[in-house]
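Here are my notes on the model, for when you have a moment to go through it. I've kept them as short numbered points.

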Amino acid sequence: MSVPESGHPSIAPARTAKTTTGFTHTLRFRLMLSVALVHVVLMGVFVADAVQEQSDRIQAELYSRGRSLVALTAVASTNALLTEDLGALAEIIQRVKSQPDVVYCEILDSRGRVLGTTHPERLGKELPLLVAKPEQFPLAAGDHILDLQERIRIAGQTVGTVTLGLSTVRMDSALARTWREGLFFILAALIVGSAAAWALSLLTTRGLHNMMEAARKISRGDLDVRVPANSQDEAGMLAIAFNNMVASLKRASEDAAQEHERRTQAERLACVGEMSATIAHEIRNPLSAIINSVNLLGGDALNREERTQVISILNNESGRLSRILGDFLDFAKIRESEPTRADLKGLIEEIANMLYQDHRTGKHLHLTVSCAPDAQTAVFDRDQMRQVLWNLMLNALQSMPEGGELSVRTRRDGEKIMVSIADTGCGIAPQFLEKVTKPFVSSRKGGTGLGLAIVQRILVQHDTQLDIVSKQGAGTEVSFQLNGVS
Ligand SMILES: Nc1ncnc2c1ncn2[C@@H]1O[C@H](COP(=O)(O)OP(=O)(O)OP(=O)(O)O)[C@@H](O)[C@H]1O
Ligand SMILES: [Mg+2]
């Protein structure tokens, strides 16, 4: 059985949800990353295309210049070749050599003899061409010389050959410069794009962030929070809708609080009325007995023996009255709990042993205390817990007048320590079980019925409640939980 804790209807602090997230998981970061990536990819494609185009253009220009030069050289050297005028050929070679990018130039006769060359050691010799595969264009990767060849023909007869080598170094460095400039543009696009994306994401997600902050405050119970709604766009409209929602939430919460206050007041009055009626009922019997006894003692109709009997009744009833009022004061005066870390096992053993000594005489009573190693300390108000354990164990022993088994156990369940007190006594009738924690409910002769009411109030102050499982004729187990020590 459980007694509900009285709750306030205002917004309860929400259970802590995971509301913070790493920067890489934020909308801002994703927006920034995607815009920056789009920039980089587009610029990369654009730059690669531009470099390829420039490379093709420079190579074509180099090839056409080389072809013109080698053809001109062939024409210019025809006569000198026929007359084997080495001086004229050398002069032609010199002029060709002075052209930009020329690495080598040779004029060979029909037998392959070198008659003019930029490499003097080859002059006059019949040597293979300077390159095995002339005129490979476009150039193979890693090849930095464009080799060209032109045959010198007269009336369809080949009388000689001109070979020419042009260096691609200038072309390569121009391309490298283009690449460097392209990379610079990519980097600049990355930086500018990221900055623009960051600014854009700040603007678009600022409203969301404000709302997230506000939602956090609302979950902590602050309903006065509002978010700025300055813009006319969707974000501004969302902010206005959010503010309206919080305002109506606040109105609903205030209405609920007022309603709760009204109900609590009414319940309190009803409770006071019920309690007064119960107390009046409880004290009326002993009080009537006392009044009757006093009246009888005031007259002279009683003999000595009857007087003694009436005085004894007077004593008993006034004692009962005093006990009822004392217990009620205990119940009414329960102070605020001051929970601290304390030795639960020691307290249970101390009370169990004390009660066991008082009740064991003349019957077979078996007591077991078992506390799991990780459930021997807990957080509780020591004096109040003493009262709780005392009342519960006393009830258990009182339910076994002929003897039986009382076992007290503690065990850990996550953060909590479960405490249970089980007996093999008379048990509680199901229809009575509902009421046993209410004040002045008792089936025991001489009991005031405040024991479990006091227990329940103390446990509620410890954020827990009493669970009772009972089977008539078989026994009862009462249990509650405490905060464990981590
Ligand atoms: N372990 C138990 N076994 C059987 N009945 C129980 C047990 N604990 C409580 N009860 C029933 O609940 C009733 C209320 O218990 P409670 O402790 O509040 O009052 P009480 O024991 O009658 O009087 P007192 O105020 O002196 O404690 C008891 O009278 C008894 O009928
Ligand atoms: Mg009791």
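1. Where does Leu202 sit? Look in helix H3, which spans residues 169-219. Bear in mind throughout that we're dealing with a predicted model.

2. Staying with Leu202: its relative accessibility comes out at 32%. It counts as partly exposed because that value falls between the 20% and 50% cut-offs.

3. Leu202 also has company at the surface. Together with Phe23 and Trp198, Leu202 makes a nonpolar surface patch of about 270 Å².

4. On the overall layout, the domain assignment splits out two pieces: domain 1 covers 21-207 and domain 2 covers 335-484. Taken over C-alpha atoms, their centres are 97 Å apart.

5. Now the ligand. Ligand 1 has 20 residues around it, and the closest are Asn395, Ser442, Ser443, Thr448 and Leu452.

6. Which polar pairs should you click on? Start with Asp423, where a polar side-chain atom lies 2.9 Å from a nitrogen atom of ligand 1. For Arg444, an N or O atom in the side chain is 2.9 Å from an oxygen atom of ligand 1. Gly449 takes part through its backbone: an N or O atom there lies 3.1 Å from an oxygen atom of the ligand.

7. How much of ligand 1 does the protein cover? On its own, ligand 1 has 590 Å² of accessible area, and the protein covers 89% of that.

Terms used: Residues numbered from 1 in each chain as written. Chains lettered and ligands numbered in written order. Predicted model: local features only at pLDDT ≥ 70, side-chain atom pairs only at ≥ 80, totals over all residues. Heavy atoms only, no water. Patch = residues over 30% accessible without salt bridge, like charges linked within 9 Å, V, L, I, M, F, W, Y side chains within 5 Å. Areas by Shrake-Rupley, 256 points an atom, 1.4 Å probe, with all protein chains shown as cover. Salt bridge = Lys/Arg side-chain N within 4 Å of Asp/Glu carboxyl O. Helix = DSSP H or I, 4+ residues; strand = E, 2+ residues; numbered from the N terminus. Buried < 20%, exposed > 50% of the residue type's maximum accessible area, 1.4 Å probe, protein only. Near = heavy atom within 4 Å. Polar contact = N/O pair within 3.5 Å; in protein donor to acceptor, adjacent residues only side chain to side chain. Domains from an automatic or database assignment.
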